[in-house]
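Here are a few notes for someone opening this entry without prior acquaintance. They begin with the fold of the chain and then turn to the DNA.

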Amino acid sequence: MGLSIEMKFQELVFDVVKEIPEGETLTYKQVAKMAGKPKAYRAVGNILNKNFDPAIPCHRVVRSDGKIGGYNRGESYKRKILKLEGAPI
DNA sequence: CATTTGACGCCAA
DNA sequence: TTTGGCGCCAAAT
């Protein structure tokens with residue numbers, strides 16, 4: 001029976017991001033690696049960019065350079081949320 | 001099916 | 001330290 005779990009990279013990324021606890025942050029590269037493709041960090045950014053689902057705390061994904069990164073609702077808002085959550089960033 | 005798009009990452013200067 | 005440029009990949013068109 002071809003019931004092999006076949007998740008798209010996009011689904012895996014969303015799943016990983018959904019599991020990020022409050023006050024924690026992951027880098028795009030880390031998320032890509034956890035999703036099974038350590039070199040797809042570029043695609044991760046693109047995927048999160050299209051996500052407007054508030055159930056996915058995509059604001060907890062930051063750059064490896066220590067910068068905030070972007071956010072489809074405004075980078076300022078992203079930084080504010082991270083500060084409110086007490087993220088080490 | 002081919003090309004373009006980007007919320008990135010890393011290195012050299 | 002900061003900046004510019006190249007590489008990298010999935011999804012959209």
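1. Helices (H or I, at least four residues) and strands (E, at least two) are taken here as DSSP runs, numbered from the N terminus. On that basis, and bearing in mind that this is a predicted model, the elements of chain A follow the order α-β-α-α-β-α from the N terminus on, with four helices and two strands in the chain.

2. The radius of gyration of chain A is 13 Å, close to the 12 Å that the globule rule gives for 89 residues, so the chain is as compact as a globular protein of that length. Its C-alpha atoms fill a box of roughly 50 × 25 × 20 Å along the principal axes, and 37% of the 89 residues count as buried.

3. Among the contacts in chain A with a separation of 6 or more, 53% are between residues 24 or more positions apart.

4. Turning to the DNA, 17 residues surround strand B, and the closest are Lys29, Arg42, Leu48, Asn49 and Ser64. Of the atoms of DNA strand B that come within 4 Å of the protein, 47% belong to sugar and phosphate.

5. The surface near DNA strand B receives the most from α3, with seven residues, while α2 (28-34) and α3 (41-50) each supply at least two. By residue type, this surface divides into six nonpolar, seven polar and four charged residues.

6. Individual contacts reach both bases and backbone of the DNA: a polar side-chain atom of Tyr28 lies 2.8 Å from a base nitrogen of DNA strand B, and a backbone N or O atom of Gly70 lies 3.0 Å from a base nitrogen of that strand, whereas an N or O atom in the side chain of Arg63 is 3.0 Å from a phosphate oxygen.

Notes:
Residues are numbered from 1 along each chain as its sequence is written. Chains are lettered from A and ligands numbered from 1 in the order in which they are written. This is a predicted model: local features need pLDDT of at least 70, side-chain atom pairs count only at pLDDT 80 or more; totals for chains, interfaces and linings use all residues. Side-chain values use heavy atoms; hydrogens and water are left out. A residue is near a molecule or strand if one of its heavy atoms lies within 4 Å of it. A polar contact is a pair of N or O atoms within 3.5 Å; within protein, one must be able to donate a hydrogen and the other to accept it, and residues adjacent in sequence count only if both atoms are side-chain atoms. Ala, Val, Leu, Ile, Met, Phe, Trp, Tyr, Cys and Pro count as nonpolar, Asp, Glu, Lys and Arg as charged, and the others, Gly among them, as polar. The radius of gyration is taken over C-alpha atoms; the globule rule is 2.2 Å times the number of residues to the power 0.38. Buried means under 20% relative accessible area, exposed over 50%, partly exposed in between (1.4 Å probe, protein chains only). Contact means heavy atoms within 4.5 Å.
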